[in-house]
Amino acid sequence: MYSYSITEFIIHPNNTYTRKNYDVFAKREWKSYKKYTPKISKGKITKQGIYHIFTEYRSGIASDFSLTAKLKKRKLIFFYPNRRGKMRKTFVYRRIDANK
């Protein structure tokens, strides 16, 4: 049973992404999370107004799972619509340049 999860979003230049979820047994193991096998999902990114929609694809078909986000210079901020239809912030990822 896993108690902690690390998620990597890799954004590709062709408007696609790869999401990798790593499950570890304890929070202190996060530094060595790469030794675990990730759950990988892939999808496409489309833009709607100020938001980017991350749509997951399984076997070439769009699934029901999609995420709404804003791409900032230093952060990736995810949102969901509340009861009134306003977008509320759910979680924030730091952006890391993989080329460095």
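Is Phe25 buried, partly exposed or exposed, and what is its relative accessible area? Phe25 turns out to be partly exposed, at a relative accessible area of 42%. Keep that residue in mind, as one of the views below comes back to it. One thing to know before you start: this is a predicted model.

**View 1. The whole chain is built from strands, with zero helices.** Count along the chain and you get seven strands, so the order from the N terminus, by the run definition used here, is simply β-β-β-β-β-β-β. The C-alpha atoms fit in a box of roughly 40 × 30 × 30 Å along the principal axes. Of the chain's 100 residues, 30% count as buried. The accessible surface adds up to about 8000 Å², and carbon and sulfur atoms hold 49% of it. Among contacts with a separation of 6 or more, 21% link residues 24 or more positions apart.

**View 2. Charged side chains come as 25 positive and 6 negative ones.** The centres of these two sets lie 10 Å apart. One positive side chain to look for is Lys44, which lies over the face of Tyr57. The distance from Lys44 to the ring centre is 5.3 Å.

**View 3. Phe25 and Tyr36 make an aromatic pair.** The structure holds 12 aromatic pairs, and here is one of them. The ring centres of Phe25 and Tyr36 are 6.2 Å apart and the planes meet at 70°, so this pair is edge-to-face; the cut-off for that label is an angle over 60 degrees. Phe25 and Tyr36 both sit in the loop between β2 (16–24) and β3 (39–48), so the pair ties together parts that are 11 residues apart in sequence. How do the two partners fare for cover? Tyr36 is buried, with a relative accessible area of 16%, whereas Phe25 is partly exposed at 42%.

**View 4. Six rings gather in one aromatic cluster.** To find the cluster, look for Phe9, Tyr17, Phe54, Phe78, Phe91 and Tyr93.

**View 5. Arg19 is a buried residue of strand β2.** Its relative accessible area is 14%, and because buried means under 20%, Arg19 qualifies. What does Arg19 touch, leaving aside neighbours within four places in sequence? Its contacts are Thr7, Glu8, Phe9, Lys39, Ile40, Ser41, Glu56, Phe65 and Leu67. Phe9, one of those contacts, is also a member of the aromatic cluster in View 4.

**View 6. Tyr80 sits in strand β6 (residues 75–81).** Tyr80 is partly exposed, with a relative accessible area of 41%. Not counting residues up to four places away in sequence, Tyr80 touches Lys86, Met87, Arg88, Lys89 and Thr90. For a sense of scale, pick out Gln48: Tyr80 and Gln48 are 32 residues apart along the chain, and their C-alpha atoms are separated by 14 Å.

**View 7. Asn15 has a positive phi although it is not a glycine.** The value of phi at Asn15 is about 60°. Where is Asn15 placed? You'll find Asn15 in the loop between β1 (4–11) and β2. Asn15 is partly exposed, and its relative accessible area is 48%.

Key. Residues numbered from 1 in each chain as written. Predicted model: local features only at pLDDT ≥ 70, side-chain atom pairs only at ≥ 80, totals over all residues. Heavy atoms only, no water. Helix = DSSP H or I, 4+ residues; strand = E, 2+ residues; numbered from the N terminus. Buried < 20%, exposed > 50% of the residue type's maximum accessible area, 1.4 Å probe, protein only. Contact = heavy atoms within 4.5 Å. Areas by Shrake-Rupley, 256 points an atom, 1.4 Å probe, with all protein chains shown as cover. Lys, Arg positive; Asp, Glu negative; His and termini not counted. Charge placed at Lys NZ, Arg CZ, Asp CG, Glu CD. Phe/Tyr/Trp six-rings, centres within 6.5 Å; stacked < 30°, edge-to-face > 60°. Lys NZ or Arg CZ within 6 Å of the ring centre and 35° of its normal.
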